[in-house]
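The following exercises are to be worked through with the model at hand. Each task is followed by a solution in steps.

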Amino acid sequence: MIKSIEHIPTICPYCGCGCGIYLVVKDSNIVGMEPWKDHPVCEGKNCQKGRNAHTFSTSDQRLKTPLIKKNGVFEETSWKAAFGLIADKFQNAEPDAVGFINSAKCSNEDLYVIQKFIRVVQKTNNMDNASRFCHSPTVPALLSTVGSGVMTTSTISIEQADCIFVAGPNLQETYPIIARRVIRAKGKGARVIVVDPRNTLTAKNIADIHLQIYPATDLALINGMMRVIMDGGLEDKEFIEKRTQGFDELKNYVMTLDLKEIEKITNISLDVISEAARIYATAKRACILFNSGIAQHAAGIENIKGLADLALLTGNYGKPGTGVNPLRGHANGEGFGDMGPLPVFYPGFQAVNEETARRFEEIWGVKDLPSQPGMTYMDMVEKCKLLYVVGANPMLAAPDTNCVRKNLEEKDLLVVQDIFMTETAEMADIVLPAATAMEKDGTITCLDRRVQRIHKAVQAPGDAKPDWVIFCELAKIMGFEQQFSFDGPEQIFEEIRKCVPQYRGITYERLKSPGGIQWPCPTEEHPGTEVMFVEKFPTPDGFGHFQIAEYKPPLEVPDDTYPYIFTNGRVVFHFHTGTMTRRTKGLNNELPNGFAEINREDARELGIEDGDPVLLKSRRGEIETVARVTDDIRPGLIFMPWHFSECAPNVLTGPTAGPPSKMPEFKFCAVSIEKV
Ligand code: SF4
């Protein structure tokens, strides 16, 4: 008998590019993936992760039943028993005793229901996710300059840029489909400037100019470029006059800067800084791409304000292939912000305050919604007695792992809802099995505000359920039947459309076309918005506002005891904390272990050879790994990928910025390194 084979269209669950893939389903099992050739984002080209995207969901390590820990050992239990225990503890807790850490791996429908549960049932805004550690500086920085923290152009229109300024991301490894667009733009004559202290694949293969700066001096470089632009009269005077405010103040500040001093701070020659500045300023369309490389610093907000100033100064907003574009790491990174499971925003980036709370009370038919900002990620890890973690892994993702472990051990109740037994789930009192994106219908919103459908290809294994189903069932047990009686994801999406103005014109029916719809989409007749800020900025007065951003050194600098700078990042074969990619043979076999990159000269002085076991120490902890000796990293700098739990870099990282971003200084701390 011929077995039936189906091809289910969906979106790659890894990075924020939003590539389409087909899941190949045979006899109710996923047996492979096929490229989606007419998908406008990827055009049938997927990276290594995308080509293996289907594999982790069929792993035999999937969680299949709820688990309760008794005397330190997990025992299988029923949903009823697990829900009973959770409801009992959470129902009687004060709002500030409970915290929820969520994940941008969830769908929009999951996240909408989760934040509604937290606000309606728990009456708190204590909720956050790992984007606290990626783009928490992006939103306040871009809100204050241009009124919105989203990508302003589309992935596709990057090809229309004449200059692409890559501030940090190693595109070829972390956003390969965007790297492809940059290479195409280069083929049409665009110049590519890459800022990175490491000589990455992107720097080697794509850059026309590689600014291999001293780590954490990005803002000094950006301010130096603005000084060169102003000295040469290369600013866009018409744009500044018509569309911005605060130029004179910025100019007064920038003209005080000493370019010789900036040359010293950044370790980039003035000639090269000047060349980069001129290429960027004289391009008809210049596009800035950035991500955690520039954001994961205590000075992340200032760094990003500097990027926005640079784009405003040169009139690079409001056209395809321009703008200041944050690249989100997770498949639903943009959707996470849009759905509002955040301590300071209700859905649709509506600020937490009395007025917003009253508006949502009307929509949801409840009283006493919280109107004060909630706790952020690390505050919840430290202070909340009851912690509920959905799809997140603070044991690897949060800074200062030893401190996180101690805090988690002290919880009255730790609930983890995930697809695998993660390092954080191991520490939980209750573990709940969740469905993957391949086992549920819904939508996700990728980095260029593109809302797309994900489709259920197979049943979740065992008793695993979609996150939205779990929270609806729990809410009903806790007395909120009416607010959580959704009959499926489409009905949830219809409620999202009512709450999130940017999604108002998007329907499941309209999302049948490949490539989805980019918000804002105010009506069902509106085609969606590829380029933002065409005529005005979404600031109260419609102008872009220059901000003075002053370079300051990092919080912790090298000294005699810890003489090296430590930084970390991602590699092409793995994703985030490795939960999915390390369970994917085709990826894990390519790179099964972590490593520490060290410059050849530094290694020689320390008697370290390639492949030697090494011990890294910081003020917070120590880890062992193996050395990878290379010329591609500048002297004095050590780099590690952060996907490997057995040598988790966040044992070493530490200091955290103050409000509003509370961004840990992930990309810079002081360490020692020695051969073991
Ligand atoms: Fe998936 Fe990102 Fe690779 Fe596209 S670029 S296939 S979305 S991991």
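**Exercise 1. State in which loop Pro520 is found, and describe the peptide bond from Trp519 to Pro520.**

Solution. Pro520 is found in the loop between strand E21 (517–518) and strand E22 (544–545); helices (H or I, at least four residues) and strands (E, at least two) are DSSP runs, numbered from the N terminus. The peptide bond that leads from Trp519 to Pro520 is cis, its omega being near 0 degrees. For background, most peptide bonds are trans, and most residues other than glycine have a negative phi.

The model is predicted: local features need pLDDT of at least 70, side-chain atom pairs count only at pLDDT 80 or more, and totals for chains, interfaces and linings use all residues. Residues are numbered from 1 along each chain as its sequence is written, and side-chain values use heavy atoms, with hydrogens and water left out.

**Exercise 2. Locate Ser28 and give the sign of its phi.**

Solution. Ser28 has its place in the loop between strand E2 (20–26) and strand E3 (29–35). Its phi is near 65 degrees, which is positive although the residue is not glycine.

**Exercise 3. Determine how helix H8 is oriented against helix H12, and which residues make the contact.**

Solution. Step one: the axes of H8 (residues 218–231) and H12 (residues 270–282) come within 9 Å and cross at roughly 70 degrees. Axes are lines fitted to C-alpha atoms, for helices over the stretch in contact, and angles run from 0 to 180 degrees between N-to-C directions. Step two: H8 is therefore roughly perpendicular to H12, since angles under 35 degrees count as roughly parallel, over 145 as roughly antiparallel, 65 to 115 as roughly perpendicular and the rest as oblique. Step three: the crossing of H8 with H12 is right-handed (near helix turned clockwise from the far one by less than a right angle; left-handed if anticlockwise). Step four: H8 contributes Leu221, Gly224, Met225, Val228 and Ile229 to the contact, and H12 contributes residues including Ile273, Ala277 and Tyr280; contact means heavy atoms within 4.5 Å.

**Exercise 4. Carry out the analysis for H8 with helix H14.**

Solution. The axes of H8 and H14 (residues 300–313) come within 9 Å and cross at roughly 20 degrees. The two helices H8 and H14 are therefore roughly parallel to each other, and their crossing is left-handed. Among the contact residues are Ile222, Met226 and Met230 of H8, and Gly306, Leu307 and Leu310 of H14.

**Exercise 5. Carry out the analysis for H8 with helix H11.**

Solution. The axes of H8 and H11 (residues 259–266) come within 9 Å, with a crossing angle of roughly 150 degrees. H8 is therefore roughly antiparallel to H11. The crossing of H8 and H11 is left-handed. On the H11 side, the contact is made by Leu259, Ile262, Ile265 and Thr266.

**Exercise 6. Describe the interface between domain 1 and domain 4.**

Solution. Step one: domain 1 spans 5–58 and domain 4 spans 564–675, with bounds from an automatic or database domain assignment. Step two: their C-alpha centres lie 30 Å apart, and 8 residues of domain 1 are in contact with 11 residues of domain 4. Step three: about 840 Å² is buried between domain 1 and domain 4, 70% of it from carbon and sulfur atoms; buried area is the accessible area (1.4 Å probe) that two parts lose on being put together, summed over both. Step four: Tyr14, Lys49 and Phe56 of domain 1 lose the most area to domain 4, together 57% of what that side buries.
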